[in-house]
Structures are given as C-alpha cells and as structure tokens.
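Colleague: I am new to this structure and should be grateful for a close look at a single part of it. Would you please take the open sheet and describe what is packed around it?

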Amino acid sequence: MDLKEKLVSSFLAFENKGGLDLDSKAHSIRRQAIQNFEQKGFPSKKDEEWKYTSLRPLLKHDFSLFPSNEKAVEFKNIKQYLINDIESYTLIFIDGVFSSFLSSTTHDDCDVCVLSSALTRPKYKMIVDNYFNTIAKNNNSLAELNTAFTSEGAFINIPKNTIVEKPIQIVHFSTGSEKEILLQPRNLVVVGENSHVQIIERHQNLSKNTTFTNSVTEIFLHKRAIVDFYKIQNDTVNSSLIDSTFISQKTQSVASVNTFSFGGNITRNNLEFYQEGEHINSNLNGISILNGKKHVDNHTLVNHKHPNCESHELYKGIYAEKSTGVFNGKVKVQQAAQKTNAFQQNNNILINDGATINAKPQLEIFADDVKCSHGCTIGQLDESALFYMQSRGIPKEEAKALLLFAFANDVVEKIKIPQLKSRITKLIAKNLGVNLGFEL
Amino acid sequence: MLQVKNLHASINDKDILKGINLDIKAGEVHAIMGPNGSGKSTLSAVIAGKEEYEVTEGSVILNGEDLDELAPEERAHKGIFLSFQYPVEIPGVTVTNFIKTAINETRKATGQEELPAKDMLKLIREKADLLEIDRKFLSRSLNEGFSGGEKKRNEIFQMAMLEPKLAILDETDSGLDIDALKVVANGVNKLKSDDNAVLVITHYQRLLDYIIPDFVHVLYNGKIVKSGGKELALELEEKGYDWLK
C-alpha cells in the first residue's frame with residue numbers, strides 16, 4: 001500500500017479515535033479535504049510548482065500516522081532548541097502531542113493555547129468556524145492532507161488593541177518513538193485590530209529516525225495589526241518539512257515572515273500573502289545556508305488585490321557541496337491594485353560546482369500605475385574581494401566566511417528580537433564554520 | 001628591504017612582466033611610472049601575492065626571505081601592504097570591524113596577543129584623526145557608497161593601522177581631487193619613517209609633488225626602461241612616454 005492509500009484509508013480510523021467533534025463545521029471541512037486529497041494525491045515533478053522538488057524518495061517510507069508509543073522528554077533535552085534568554089510563551093509539542101508540562105500558555109489578555117481545545121470548546125467555535133481553512137485551500141494537496149487530519153497545533157487568538165509583550169515560541173519535537181513518523185501540525189493565528197504579536201516556530205527531530213512534517217499555518221491580521229513570524233529550520237538530515245503558511249491581511253496591517261533554513265533533508269516552504277485591504281505591508285525575508293545534500297525550496301506568493309499596498313521580498317541563499325535550492329517568487333498585482341509598490345530580490349552564491357539553485361522570479365502585473373521590481377543573481381564569491389581582504393592579513397577561509405556573513409547580513413538585520421538575532425547570527429557562524437571576533 | 005630580481009609574471013599564458021629588477025631600501029620612496037598597460041598594477045599585485053598571476057621566473061625577496069610560496073595574507077603578516085586602485089566594497093562589515101579583524105589576524109600570525117578592545121579603540125581614533133576621518137565614517141560598511149576620495153582615505157587609514165614595512169600605493173591618486181590628494185599624501189608622509197619604505201605606482205606626476213620620491217622608474221612593456229631621481233618624473237610629465245620607447 002502506498003502512502004496515499006494508507007492515508008486515505010486511515011481517515012476512518014482517525015475519525016473513530018475520539019476527541020474530534022464529528023458534527024462540527026471543521027469536521028465537514030476535514031471530510032471534504034480528504035476527498036480532495038484522494039483526488040489530487042501527492043504532487044509529482046510533472047507539476048510545474050514541484051518541478052525542482054521531488055517528494056518521491058520521501059513517500060517511499062512507511063510512516064506511522066498516529067504514534068502509539070510515548071517517549072518522555074524533559075526540559076533539559078529541549079532547552080537548547082528554545083530561545084531561553086527572553087521571557088516567552090511556549091507551545092511545545094512532542095510527536096504531535098501537546099505537552100502542557102513543558103509549555104507556558106495563557107488565556108489572560110489573549111489566548112495562546114492549542115487547536116485541539118479550540119476545535120472542541122464552544123467558546124472558540126465561532127473563531128474556528130470563521131477562520132479555519134478559509135485561506136489554506138489553494139489547490140495545494142499537501143495542505144488538503146493536513147486539513148483532513150487537523151487535530152493539533154497552536155491556536156493563537158489576540159483580541160483587538162493588545163500588544164503581546166512576550167514572543168510566542170512554537171516548537172514541534174519528534175523523539176524517534178516511531179521508526180518513521182508523519183506529523184501534521186496545524187496552526188491558527190488570529191490577530192485583532194491594532195494588536196501586535198511575535199512568533200518563533202521551529203521543528204526539531206531529537207533522534208536519528210525519520211520525520212516528515214507536513215505543517216499548515218493560517219494567519220489573519222485585522223486592521224493595523226502587526227505580526228512578526230520567524231521560522232527556524234535547522235533540523236537533522238533525517239527530517240523533512242513541508243510548511244504551508246497562508247496570511248490574510250486587512251487594511252494597514254503589517255505582516256513579516258522571516259525564514260532561516262540551515263538544515264533538514266527536504267524543506268519546502270509555501271508562503272502566501274493575500275492582501276484584503278489598502279495600505280497593507282507584506283514582508284518576506286529568507287536565508288538558506290546549506291551543505292551536504294540538503295534541499296530547500298522557497299515558493300512564495302504575494303497577491304496584491306487592492307490599491308496602495310506594498311510588498312518587500314528578500315531571499316538569500318548560500319549553497320555548498322551538493323545542496324540544492326529553489327526560489328520561486330510570484331508577485332501578482334491585480335487590475336484594481338493601482339499604486340502598488342512591490343519589490344523582490346533573490347541573491348544566491350554557489351560555493352561548489354556540485355551545488356545547484358533554481359531561481360524563478362514571477363511577476364504578473366495587471367495594473368498600469370505600479371512600481372514593481374525584481375532582481376535575481378547567482379554568483380560565486382568575489383575573488384577580488386577575497387584578495388582585498390587577504391592583502392590586509394585576513395586568511396582566505398576567514399575572508400570567505402566574512403564575505404558570506406556580510407552577504408547574509410541584510411536579512412539578519414530584519415530580526416526585531418535581539419536575542420533571536422544573536423542566536424541566528426551564531427547559527428550562521430556555525431554553519432559557515434567560523435568564529436567571528438564580533439557580532440554583525 | 002625589498003628586492004625584485006628578474007621578475008617574470010604572466011596571466012592566462014600572457015606574459016606581462018618581462019624581467020623586473022628593483023632594490024628598495026628602508027627609508028626610501030620609490031615611484032613607478034608608465035603608460036597604461038605597461039604592467040604597473042600587475043607588479044603591485046604580484047608583490048602582494050595575487051594568485052591569478054603566475055611567476056614564471058625570478059623572485060621577490062622581503063628582508064632576505066623569498067615570498068614565492070606565501071599567500072597574500074602571509075605577505076601582509078610580514079609587512080607588505082597594498083593600497084588598491086579600486087578598493088572592494090564589503091556591505092555588512094563596518095570599517096572598524098574590518099580593521100579589528102585584520103589587526104588581530106596579523107597579531108595572531110606573528111605570535112602576539114589580540115589587541116585589547118580599549119587599546120584598539122584608542123589606536124583607531126588616533127589614526128582617524130591623523131587622516132582627518134570623521135568618526136561616523138568608521139561605523140559605515142566598508143567602502144560601500146564611499147566616494148572615490150573616501151575610499152582612498154580609508155585605504156591609507158588601514159595602512160596607518162597596520163603599520164606595514166613596505167606600502168605599495170597603486171594609483172592612489174586616481175579619482176582624487178586636489179584637496180583629497182593632499183590629505184592622503186600628507187597621511188603617507190606622516191607614516192613614513194627610516195624603518196619603512198613606500199612604492200608609489202602612478203600614471204601622472206601629480207601625486208609626486210606631494211609624496212617626493214627618492215627614485216623614479218619607468219615601466220614600459222613589462223620592463224623597467226629607465227631609472228632616475230625625482231626630476232625624471234618632471235621630464236616624463238613634459239615629454240610623455242614616447243621618447244623612451
């Protein structure tokens with residue numbers, strides 16, 4: 001039985017395992033989603049959107065869908081994967097199951113809790129019915145698959161006029177309790193008018209067993225809301241991640257998603273912004289620093305539907321050894337979206353002959369009074385810059401690292417949480433194999 | 001201090017230097033002049049150790065040591081400094097961080113402790129004042145968006161910080177207006193001592209009004225065709241290079 005069949009036939013077992021409200025609107029959405037997934041199946045390289053990322057090797061695994069074994073995890077095992085030097089709310093999931101013991105949630109000024117309870121409690125029914133799966137349904141069979149099996153993940157509901165002072169860390173751990181595990185976290189984030197929240201998300205495999213995570217996040221910003229979302233992707237080589245994040249923005253809201261990809265086997269980020277008002281700002285930033293045979297695919301979409309909005313996109317990639325990168329950045333400016341300012345930049349450095357980047361900027365512009373630009377570069381390290389630095393006494397390897405650091409720096413500069421910035425800086429230094437005497 | 005003996009160098013199998021001889025002693029200022037394409041910049045790059053060039057014959061000797069096998073950074077650690085005609089822009093690395101790294105790498109390579117941050121700061125301020133460099137300038141990204149004058153002044157600032165034994169100034173006057181030229185030349189003159197030497201590479205005589213050479217050499221077609229005192233520069237300014245061919 002292949003993975004698709006296994007998943008489809010497991011749906012009944014999923015319904016019967018208990019804990020789901022089978023009469024809810026959410027469940028009728030699940031049922032529709034499993035049908036859609038059954039129809040479409042997993043994407044193959046024949047799909048234009050998946051031309052450069054093959055899931056085939058991954059789909060050969062016999063994944064456990066509902067982990068049966070539990071493995072105890074203590075705080076000391078996971079501490080290093082959290083940003084500890086700041087106060088934060090934390091939502092910790094172990095093999096897909098929420099750990100209230102390791103987490104720090106709140107219902108005081110806002111709800112930082114879990115989707116499983118939001119899906120079943122009457123208090124949250126209206127929010128779930130209003131928002132759940134309203135933007136994640138965009139012809140993406142992996143998102144359909146996630147929707148069908150939606151049961152757990154982060155639920156973040158910020159009422160209007162609320163500044164959430166502490167960042168929220170969402171971390172999904174897999175422990176290796178199963179030989180091969182499929183995890184499908186589902187996050188729902190609703191941010192009210194004038195409210196502000198910062199979220200850090202990470203997936204981490206604690207074992208050498210295989211993990212395949214198919215994650216979906218929906219984020220809704222009301223008027224003037226501000227969301228800063230950070231994704232840290234530095235998982236083990238046995239871990240693959242498909243992350244689909246959908247963002248819907250109302251008038252004057254500002255959404256920023258920063259993706260830092262350093263590790264993992266296959267990583268695919270689908271990041272889609274839908275602008276549903278005027279004077280909206282959408283920011284997309286990313287750095288990929290890869291070696292070995294790691295593969296990271298960033299597929300982004302900004303859909304400008306209304307006038308006077310902006311988007312700023314900056315993705316940088318450093319590819320060493322036999323790693324591969326994909327950048328596919330689509331910017332749509334619809335006819336009504338006059339006075340749009342849309343900027344996209346994608347710069348890549350290939351360190352070795354064996355490394356690959358497939359870059360595809362895509363601009364579809366139907367309005368005539370807009371400012372749109374895109375730039376895409378693929379290059380090697382600048383030899384004359386290296387010689388310049390060497391001639392000042394800086395050894396070649398350090399000069400290379402310094403240049404790469406400098407290359408990545410303008411994305412690092414976008415990080416608004418200083419402790420996170422310092423952590424990312426260290427991760428980059430580690431990935432480049434250097435110990436710099438200063439912080440950039 | 002520096003001896004260049006029968007130096008031949010090529011790039012992509014094209015011979016550029018065809019037997020150069022130079023003898024520069026401590027305390028001296030030498031100038032190399034020559035028309036475009038004569039090999040001036042190649043000579044400076046070869047002395048500094050640029051790997052694209054292949055030395056096919058002859059040698060470069062610094063204080064008795066053949067530099068042939070040494071990487072550019074090792075030559076820098078031994079006291080060679082090359083001021084670039086076109087300094088490279090490095091976004092994201094400030095002037096201060098860059099020079100700190102350069103100094104501490106050099107100290108590490110020569111068996112010294114890293115310079116304490118306080119002393120480093122003091123040294124940076126002292127040298128910045130010497131070259132009339134605004135402090136704000138030091139926290140800008142290296143050479144990024146600098147004017148031609150700022151880039152060259154920054155080169156001389158780095159030279160002041162690194163205190164090389166032999167400073168090679170490659171077309172340091174190009175792109176400078178007369179005021180910037182005076183500041184740069186003045187900086188070089190203040191750094192000059194009996195223990196170090198300067199090799200000025202220039203197309204025009206103009207810079208040599210401010211940095212007075214002890215010897216002037218004319219490079220043409222990869223060879224030194226004439227050497228003389230500072231008056232040779234004036235003669236070249238008047239007559240051009242044609243009479244030497």
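Modeller: The account below begins with the sheet and then turns to the helices, the core, the domains and the chain contact. The model is a predicted one.

The open sheet of chain A has ten strands, in the order β2-β1-β5-β8-β10-β12-β14-β16-β18-β20, and its pairing is mixed. Its edge strands are β2 (97-98) and β20 (371-379) of chain A, each of which pairs on one side only. Strands of a sheet pair through backbone hydrogen bonds, either parallel or antiparallel. Within this sheet, β10 (residues 226-233) and β12 (residues 254-261) of chain A run in the parallel sense and are joined over eight bridges. Along this pair, A:Ile226 stands opposite A:Val254 of β12(A).

Helix α10 (residues 418-432) of chain A packs on the sheet, where it touches β8 (196-205), β10, β12 and β14 of chain A. The direction of α10(A) makes about 30° with that of β14(A). Helix α9 (residues 396-412) of chain A lies across β14 (281-290), β16 (310-319) and β18 (341-350) of chain A, and runs at about 155° to β16(A).

Helix α9(A) also takes part in the largest nonpolar core, which has 166 residues. Among the residues with the most contacts inside this core are A:Leu402, A:Leu404 and A:Ala408, together with B:Ile168 and B:Val200 of chain B. The largest share of the core, eleven residues, comes from α9(A). Beyond its neighbours within four places in sequence, A:Leu404 is in contact with A:Ile318, A:Ile349 and A:Leu432. In soluble globular proteins, nonpolar side chains tend to be buried together.

The domain assignment of chain A gives domain 1 (3-276) and domain 2 (389-440). Their C-alpha centres lie 31 Å apart, and twelve residues of domain 1 are in contact with ten residues of domain 2. On the domain 1 side of this contact, β8, β10 and β12 of chain A each give two or more residues. That side divides into seven nonpolar, three polar and two charged residues.

There remains the contact between the chains, which takes 20 residues from chain A and 24 residues from chain B. On the side of chain A that touches chain B, α8 (383-390) and α9 each supply at least two residues. Helix α9(A) gives the most to that side, with seven residues. The residues on the chain A side comprise eleven nonpolar, six polar and three charged.

Notes. Residues numbered from 1 in each chain as written. Chains lettered and ligands numbered in written order. Predicted model: local features only at pLDDT ≥ 70, side-chain atom pairs only at ≥ 80, totals over all residues. Pairing = 2+ DSSP bridges. Helix = DSSP H or I, 4+ residues; strand = E, 2+ residues; numbered from the N terminus. Contact = placed C-beta atoms within 7 Å. Axes fitted to C-alpha atoms, helices over the stretch in contact; angles between N-to-C directions. Nonpolar A, V, L, I, M, F, W, Y, C, P; charged D, E, K, R; others polar. Core = buried A, V, L, I, M, F, W, Y, C linked by C-beta atoms within 7 Å. Buried ≥ 20, exposed ≤ 12 C-beta atoms within 10 Å, placed from the backbone. Domains from an automatic or database assignment.
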